[in-house]
Amino acid sequence: MRTTTMEKEINTFLRKLSIAAIAIASLTLIYLFLQTPDTCVPPEAPSKPHLRFPKSSCDFTSTRPHLPSDKKNNRLWSSRDWNNKLHSFSLIFLPIRDLNLLHNNSKILCLSAGAGHEVAALQRLGVEDVTGVELFDSPPLVSRADPHNLPFFDGAFDLAFTARFDEALFPARFAAEMERVVRVGGVCFVLVGECDAYEVREIVGLFRNSRFVSSSNVNLIGIRMTSILMRTTKSSS
């Protein structure tokens, strides 16, 4: 009988202890949740007057010094890598100009233009009206737009170019949008990974309102690729 009473007392004590522990843990969590640290820097850290530390862990304002966009662009555009890529793109466009399909007053659209190498290359060749689009903008050379749903009127451009056609999520839709924004008699010019004549015909087949002009194997920035040149024969609308 005495043992049973003692067991009951022990169980009662353990329950009270558990309840107290839970209450303390809950209060501690609430306190930590509501408490915001004054600084992300330990007090013993050495003084660094050239850095501005955040006021709290919730201070999301960037504290890193950054260059203005024009200075960053100038630094990028003066690099050897950038200029090598521009030269490579320029060599791709020269045959189009020799065919009298590319002029200084041509209106050009570059789709999936990345950082804008092809846009800058065309501008360096003397083309004044060049528009570059990509899912993520890279000002001032490239604006944000979905190549599968272009925000341009039908027939707005003389030539549409992409060096990333084989990366398109929906190639048929991509091709249709290229054709739509190019005037009748204009040019659709694409680069794809190096391919044979059969694969070229398959790609050309996606451009339902254009006729095949020529294809050739080219080297773009050290990558072997195939260029495919087509001319639009009718409006896609």
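Reader: Which strand pairs with strand β1 (residues 107–111), and in what sense?

Author: In this predicted model, strand β1 pairs with strand β2 (residues 129–134) in the parallel sense, over 4 bridges. Within that pairing, Lys 107 stands opposite Asp 129 in β2.

Reader: What is the order of the strands in the sheet?

Author: The order is β3-β2-β1-β4-β5-β7-β6, in an open sheet of 7 strands with mixed pairing. Strands β3 (142–144) and β6 (210–220) form the edges, each pairing on one side only. From one strand to the next, the twist averages 20°.

Reader: Which strands does helix α5 (residues 171–180) touch?

Author: Helix α5 packs on the sheet and touches β1, β4 (157–162), β5 (182–193), β6 and β7 (223–232). Its direction makes about 145° with that of β5. Helix α6 (residues 197–206) also packs on the sheet, where it touches β5, β6 and β7. The direction of helix α6 makes about 40° with that of β7.

Reader: How should one read a salt bridge, and how many does the structure hold?

Author: One looks for a side-chain nitrogen of Lys or Arg within 4 Å of a carboxyl oxygen of Asp or Glu. The structure holds 6 such bridges. One of them joins Arg 180 to Asp 154, with the closest N and O atoms 2.8 Å apart. This pair links distant parts of the chain, for Arg 180 is in helix α5 and Asp 154 is in the loop between β3 and β4, 26 residues apart.

Reader: Which other residue meets Arg 180 in a salt bridge?

Author: Glu 177 does, at 2.8 Å from N to O. Both residues lie in helix α5, 3 residues apart, about one turn of the helix.

Reader: Is Arg 180 buried or exposed?

Author: A residue is buried under 20% relative accessible area. Arg 180, at 17%, is therefore buried, and Glu 177, at 4%, is buried as well. Asp 154 is partly exposed, at 42%.

Reader: Where do Arg 224 and Glu 194 lie?

Author: Arg 224 lies in strand β7 and Glu 194 in the loop between β5 and α6, so their pair ties together parts that are 30 residues apart in sequence. The closest N and O atoms of this salt bridge are 3.3 Å apart. Arg 224 is exposed, at 59%, while Glu 194 is partly exposed, at 36%.

Reader: What is the nearest side chain of opposite charge to Glu 179?

Author: That side chain is Arg 208, 7.3 Å away; Glu 179 is buried yet has no salt bridge. Glu 179 is found in helix α5, and its side chain reaches the backbone nitrogen of Asn 209 at 2.8 Å.

Definitions and conventions
Residues are numbered from 1 along each chain as its sequence is written. This is a predicted model: local features need pLDDT of at least 70, side-chain atom pairs count only at pLDDT 80 or more; totals for chains, interfaces and linings use all residues. Side-chain values use heavy atoms; hydrogens and water are left out. Two strands pair if DSSP finds at least two bridges between them. Helices (H or I, at least four residues) and strands (E, at least two) are DSSP runs, numbered from the N terminus. Axes are lines fitted to C-alpha atoms, for helices over the stretch in contact, and angles run from 0 to 180 degrees between N-to-C directions. Contact means heavy atoms within 4.5 Å. Buried means under 20% relative accessible area, exposed over 50%, partly exposed in between (1.4 Å probe, protein chains only). Lys and Arg count as positive and Asp and Glu as negative; His and the chain ends are not counted. A polar contact is a pair of N or O atoms within 3.5 Å; within protein, one must be able to donate a hydrogen and the other to accept it, and residues adjacent in sequence count only if both atoms are side-chain atoms.
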